[in-house]
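This report describes a structure for a reader who is new to the subject. Please look at the sequence and the structure before reading on.

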2 protein chains.
Amino acid sequence: MTLAEENYLKGIFHLQRETKGEVSTNAIAEDMQTQPSSVTDMIKKLSDKGLLLYKKYKGVQLTELGRQKASLIIRKHRLWEVFLVDKLHFYWDEVHEIAEQLEHVQSDALINRLDAYLGYPNFDPHGDPIPDKNGNWTVREKISLKNAEIGTRYICVGVKDTQQEFLRYLDKKNIQIGVEMIVMNKEFDDSMEIQISDTVIFISSFVAENIYVQEKLDRN
Amino acid sequence: MTLAEENYLKGIFHLQRETKGEVSTNAIAEDMQTQPSSVTDMIKKLSDKGLLLYKKYKGVQLTELGRQKASLIIRKHRLWEVFLVDKLHFYWDEVHEIAEQLEHVQSDALINRLDAYLGYPNFDPHGDPIPDKNGNWTVREKISLKNAEIGTRYICVGVKDTQQEFLRYLDKKNIQIGVEMIVMNKEFDDSMEIQISDTVIFISSFVAENIYVQEKLDRN
DNA sequence: TTTCTTTTTTAGCCTTGTCTAAATTTTTAT
DNA sequence: ATAAAAATTTAGACAAGGCTAAAAAAGAAA
């Protein structure tokens with residue numbers, strides 16, 4: 001894989017996690033800071049190589065192979081970030097650009113030894129999980145919003161109670177799968193204030209209990 | 001600088017150390033495993049950037065800027081080799097290819113921190129010197145052949161005695177500036193057997209004393 | 001010095017990855 | 001349902017870096 005191919009794959013992987021489903025040409029173009037026409041060319045190539053599923057005008061999805069290759073690139077990126085912070089004492093916010101270069105070095109022996117040298121870390125300095133050498137991810141479990149921490153960024157991933165009036169309530173409050181939310185305050189009775197896209201709303205403990213969230217993962 | 005430019009610069013640097021003077025297009029082509037016509041294109045580009053002195057049909061020489069840039073690439077290569085051997089416990093003969101990739105990562109902060117992390121090493125695992133952060137080399141001093149070690153590869157760099165009969169003697173024995181020699185045996189009286197291009201000759205201690213040599217540096 | 005050989009350069013083409021402009025398809029809004 | 005808008009693809013071009021074949025220059029030999 002060329003450098004450009006690797007970068008596209010990684011970008012598409014992250015976008016797919018956000019959009020659930022097909023990733024659009026324009027989204028990729030914006031993400032990669034390039035033109036949509038360039039994206040079309042590249043996704044044709046990646047599709048020919050069996051890394052993407054592509055139907056004209058319909059966006060793309062990673063194949064299992066593509067998903068795995070992308071995961072291994074992210075694995076390398078994150079392991080290098082751990083190295084830069086733990087061993088070379090960079091600050092965690094300085095390492096992205098350097099890791100962006102190091103992630104393209106091709107050598108399985110290198111990355112596996114680096115992994116061992118760092119003590120087989122499970123998370124990078126930003127708290128994001130590091131895939132294993134087969135490109136598998138330890139799934140971050142979903143929790144009830146009731147148990148969420150104040151200040152942490154979460155993504156709504158589902159609900160427990162599915163009665164219609166509850167779903168309608170969520171709809172009215174603009175609480176949908178995929179939205180990001182931050183708990184601002186919790187009261188003594190587990191009711192809380194949560195922030196959803198610049199709006200702060202109050203929800204009862206019943207509502208909090210019935211919403212499933214998952215920690216939001218940063219990308220890189 | 002692009003990856004290709006960096007590789008050419010490094011190759012030319014090493015060739016220049018061997019040839020003293022201009023480096024020919026064909027020599028570069030062979031070194032870089034490419035065609036002479038491709039080399040011509042590239043040396044024009046590097047010459048336009050002020051990294052090479054180039055006169056058509058006359059070969060190239062590095063400018064001071066070119067020499068410095070090449071030295072910094074070699075510095076990176078060798079520091080990474082130290083890292084791979086000292087920290088990740090690779091064998092010294094396994095690290096070249098990986099360092100070949102790592103040497104192109106662009107970040108002064110990275111390489112300087114790596115240098116510190118490794119304890120500011122002066123030599124890489126092959127025994128070759130590591131240039132400093134300004135691209136300067138610690139000159140390996142010349143010694144009399146009399147003091148040379150058995151088995152080490154040396155390059156003849158000069159003579160002490162310059163009387164004509166001595167020079168004629170050297171000429172007869174094919175001992176010239178630039179030839180490689182290895183001491184095979186030393187006798188109790190400092191006379192010795194030395195190997196010069198597959199021929200082993202015997203020289204007296206007087207001759208050994210009056211020949212200056214320098215350790216041969218490997219390339220990478 | 002003139003010819004032959006070797007080296008180097010030029011000319012023209014290819015691939016990768018990018019771009020702009022135009023065409024086409026899909027989506028949105030009336 | 002159809003027109004307008006947005007998204008996507010196609011067509012054609014370009015720069016980097018490489019190649020082959022042919023031309024030109026330099027060096028060697030007669």
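## Chain A and its partner

Of the 220 residues in chain A, 29% are buried. The model discussed here is predicted. Chain A contains eight helices and eight strands. Its C-alpha trace extends over about 55 × 45 × 25 Å along the principal axes. When contacts in chain A between residues at least 6 apart in sequence are considered, 54% of them join residues at least 24 apart.

**Relation of the two chains**

Two copies of a chain are related by a rotation about an axis and a shift along it. Here, a turn of 179° and a shift of 0.2 Å along the axis lay chain A on chain B with an RMSD of 0.4 Å. This is the relation of a two-fold axis. Which residue of chain A comes closest to the rotation axis? That residue is A:Leu102, whose C-alpha lies at 3.7 Å from the axis.

**The contact between the chains**

Chain A gives 12 residues to the contact, and chain B gives 12 residues as well. On the side of chain A that touches chain B, helix 5 (96–102) and helix 6 (108–117) of chain A each supply at least two residues. Helix 6 of chain A provides the largest share of this side, namely four residues. By class, the side of chain A that touches chain B consists of seven nonpolar, three polar and two charged residues. The copies meet through the same surface, because 100% of the interface residues of chain A are also interface residues in chain B.

**The surfaces near the DNA strands**

The following table sets out the surfaces near the two DNA strands.

| DNA strand | Residues that come nearest, of the 20 around the strand | Classes of the surface near the strand |
|---|---|---|
| DNA strand C | A:Thr2, A:Ser37, B:Ser24, B:Asn26 and B:Ser37 | five nonpolar, 11 polar and four charged residues |
| DNA strand D | A:Ser24, A:Asn26, A:Ser37, B:Thr2 and B:Ser37 | five nonpolar, 11 polar and four charged residues |

Both chains contribute helices to these surfaces. Near DNA strand C, at least two residues each come from helix 1 (3–19) and helix 3 (36–48) of chain A, and from helix 2 (25–32) and helix 3 (36–48) of chain B. Which helix supplies the largest share of the surface near DNA strand C? Helix 3 of chain A does, with five residues.

Near DNA strand D, at least two residues each come from helix 2 (25–32) and helix 3 of chain A, and from helix 1 (3–19) and helix 3 of chain B. Helix 3 of chain B gives the most to the surface near DNA strand D, contributing five residues.

**Helix 2 of chain A**

Helix 2 of chain A, one of the helices that supply residues to the surface near DNA strand D, also has buried residues: A:Thr25, A:Ala27 and A:Ile28. Why do these residues lie on the same side of helix 2 of chain A? They do so because they cover an arc of only 165° around the axis. The buried residues of helix 2 of chain A pack against helix 1 and helix 3 of chain A. Just after helix 2 of chain A, the backbone at A:Gln33 adopts a positive phi of about 55°.

Definitions and conventions. Residues numbered from 1 in each chain as written. Chains lettered and ligands numbered in written order. Predicted model: local features only at pLDDT ≥ 70, side-chain atom pairs only at ≥ 80, totals over all residues. Near = placed C-beta within 6 Å. Nonpolar A, V, L, I, M, F, W, Y, C, P; charged D, E, K, R; others polar. Buried ≥ 20, exposed ≤ 12 C-beta atoms within 10 Å, placed from the backbone. Contact = placed C-beta atoms within 7 Å. Arc of directions from axis to C-beta. Least-squares fit on C-alpha atoms with pLDDT ≥ 70 in both.
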